[in-house]
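Subject: Structure handover

Hello,

Here is the structure for you to look at. My notes on what was found follow below it.

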Amino acid sequence: MRDSTDEFIISVVKNDKSQGLRLIFEKYYAMLVIFAQKLMKDAMVAEDIVQDMFVKLWNLDYLFHLKSKELKPYLYTSVRNAAINHIKRNAKQQNNVDFLSTEAAEENELFDEEKITIIYKSIQRLPERTRMAVEKVMIERQKYQDAADSMDISINTLKYLLKDGLKKLRAELHSVDLD
Amino acid sequence: MDIPEFIYDIIIEEQEGTLNAENKAVLSKWLNESSKNHEAYLEVKSIWDAGLVLKLQDKDYQNTVWDKIKSQAPSRTRSIKRWIQISVAASVALLAGVYALLYYSKIENEAQWAKVSELAKAEVPVKLVLSSGEEIILSDSIEKYLDVEGSNIQSKKGVISYQNKKENNKDFIAYHELIVSKRGRHDIQLADGTVVNINSESKLKYPNQFNDSIREVWLTGEAYFSVAHNPQKPFIVHSNGFDTRVLGTEFNVNTYNDEKQNTVTLVNGSVKLISKADSKMLKPGYQFSIKKGEDFKSSEINKIDVALYTAWKDGILFFDNITLEQLMIRISRWYNFEYQFDDDLLKEKLYTGGIKKKDDLTKIFRIIEKVNDVKFSLNDDLIIISNK
């Protein structure tokens, strides 16, 4: 299903905040988490940050005054600020932060629907054990040890399967002309 | 560009967050060797990120996350209450005599009315709930073609229509529900060709295809039915307290909870009203009415002007001697605004007249003001109804 346009989303927000926020969530949640993850280097923390931002959006009336073309920059800026605040609060994590990656991230080249679809289909075609490892670790984001345990294999075997998966997925991507 | 095995190993460790300093140095050395290396590295990372995107885009997963977000958000009613309190406090302050503000507030007031009128008219999407529980938002301005649960559904310019596929399995009947919120209006053509005009704040539940013996739908709120004639398959509208059974006809069913009575108005054909214990036949031009909270036995059948009760589907509301309280309930079902009576006695004033949905809210209020000796004013976005 296609995502709503920002013009439409803003008009819904003005009418029914809850429904409008849901549309924003459906369209932007994944993108914003990926963006936050680039800053935080941790998908879990990235999700927390984006979820907190949505909770805050319920309380703010700022959205009502937003023009449609301001929506996307507003969301990204909010997530970036929240991420930076989070980092400041947890000074320990400072070392893990790669601020350089914020530049390109907004463009989100890798968030290419077509590419995601190819990867999704390619994952379905992987040999079974490779596919399981890839799904558990890359999609479900399970810890390596947990994924290995649930498959009854050693962590080294799991890593081997992940490597196999990455190689095959990369080959698949190259066999399709993305342009 | 091939990536050496040990680089794959290092990337996998990096993703796990267990990359040691030694391997980190190996990685950056390799990355600095050529831009090709750097590209290949980013590509592998993008595949890894794609996995996360797949997780984040998963509908079930999104529903779980959304529930979590909602549970942390403040409830709407609480915020409205607080907002009214603030508005009331503000109006008290104003009455206390901040005269200097009055001049400015007049100019601001006009701008505020324009804003309220504009917001009142904004497009309202409707929600289609599938039997799987999946919710699809549909709007007038966006055409959509869906292929779900064995049906082709088209949504175009405020009309949803169902076409069942030829190869359809008759054993699989999915129940869908169309939810039209406040201010909304939507039409639907069911699988048998029956057209239902659904009014604001109403819900219609129906099967995506009808079985061989009966056509059944469930209504909350108000809808106008033009039932496709089929003597072999009666059409039944289930609503709170009674059922309306027909073979093919046009009629209006009003079962709003906040109305003093529920009605079924027959335009042509014939319908039968059925409750657990009793049934009544209705002739064209007549209206069945049942007072809120009373049982079927005390229901009445009266001759009425059908236009008064069915014109809403063409964008006109007629009011025949209804109280201002009922009037505001009906208008606010069509337009997006919050209101408050300054004096409870005002609620009992009677109003007769019509409004067009296209009309500006300001214009509608000016007309009511002229007829009824009341005054509509604004306090922020809240409309206050007071004595003239």
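Helix 9 (residues 361-372) of chain B lies across strand 23 and strand 24 of chain B, at about 145° to strand 23 of chain B. Helices (H or I, at least four residues) and strands (E, at least two) are DSSP runs, numbered from the N terminus. Axes are lines fitted to C-alpha atoms, for helices over the stretch in contact, and angles run from 0 to 180 degrees between N-to-C directions.

Before the rest: this is a predicted model, in which local features need pLDDT of at least 70 and side-chain atom pairs count only at pLDDT 80 or more, while totals for chains, interfaces and linings use all residues. Residues are numbered from 1 along each chain as its sequence is written, chains are lettered from A and ligands numbered from 1 in the order in which they are written, and side-chain values use heavy atoms, with hydrogens and water left out.

The sheet beside helix 9

Strands 21, 24 and 23 of chain B form an open sheet in the order 21-24-23, with mixed pairing; two strands pair if DSSP finds at least two bridges between them. Strand 21 (338-341) and strand 23 (374-379) of chain B are at the edges with a single partner strand each, so one side of each has no neighbour in the sheet. On average, neighbouring strands here are turned by 25° against each other, direction ignored. Strand 21 of chain B runs parallel to strand 24 (residues 382-387) of chain B, and four bridges join them. Tyr339(B) stands opposite Ile383(B) in strand 24 of chain B.

Helix 8 (residues 324-334) of chain B also packs on this sheet and touches strand 21, strand 23 and strand 24 of chain B; contact means heavy atoms within 4.5 Å. The direction of helix 8 makes about 175° with that of strand 21 of chain B.

Arg333(B) forms a salt bridge with Glu201(B), with the closest N and O atoms 3.7 Å apart. A salt bridge is a side-chain nitrogen of Lys or Arg within 4 Å of a carboxyl oxygen of Asp or Glu. This pair links distant parts of the chain, 132 residues apart: Arg333(B) is in helix 8 of chain B, and Glu201(B) is in the loop between strand 8 (195-198) and strand 9 (202-207) of chain B.

Other strands of chain B

Chain B also has an open sheet of ten strands in the order 3-4-5-7-8-11-14-15-18-19, with mixed pairing. Strand 3 (144-148) and strand 19 (300-303) of chain B stand at the edges, each with a single partner strand, so one side of each is left without a neighbour in the sheet. Strand 15 (residues 261-268) and strand 18 (residues 286-291) of chain B run antiparallel and are joined by five bridges. Thr265(B) is opposite Gln287(B) in strand 18 of chain B.

Strand 1 and strand 2 of chain B form a hairpin with five residues between them, and Gly133(B) in the turn has a positive phi of about 95°. Leu128(B) has Ile136(B) in strand 2 of chain B as its bridge partner.

Where the chains meet

The contact takes 51 residues from chain A and 51 residues from chain B. Seven salt bridges are counted between chain A and chain B, including one between the side chains of Glu43(B) and Arg170(A) (2.5 Å, N to O). Helix 2 of chain A gives the largest share of the side of chain A that touches chain B, 13 residues.

Regards
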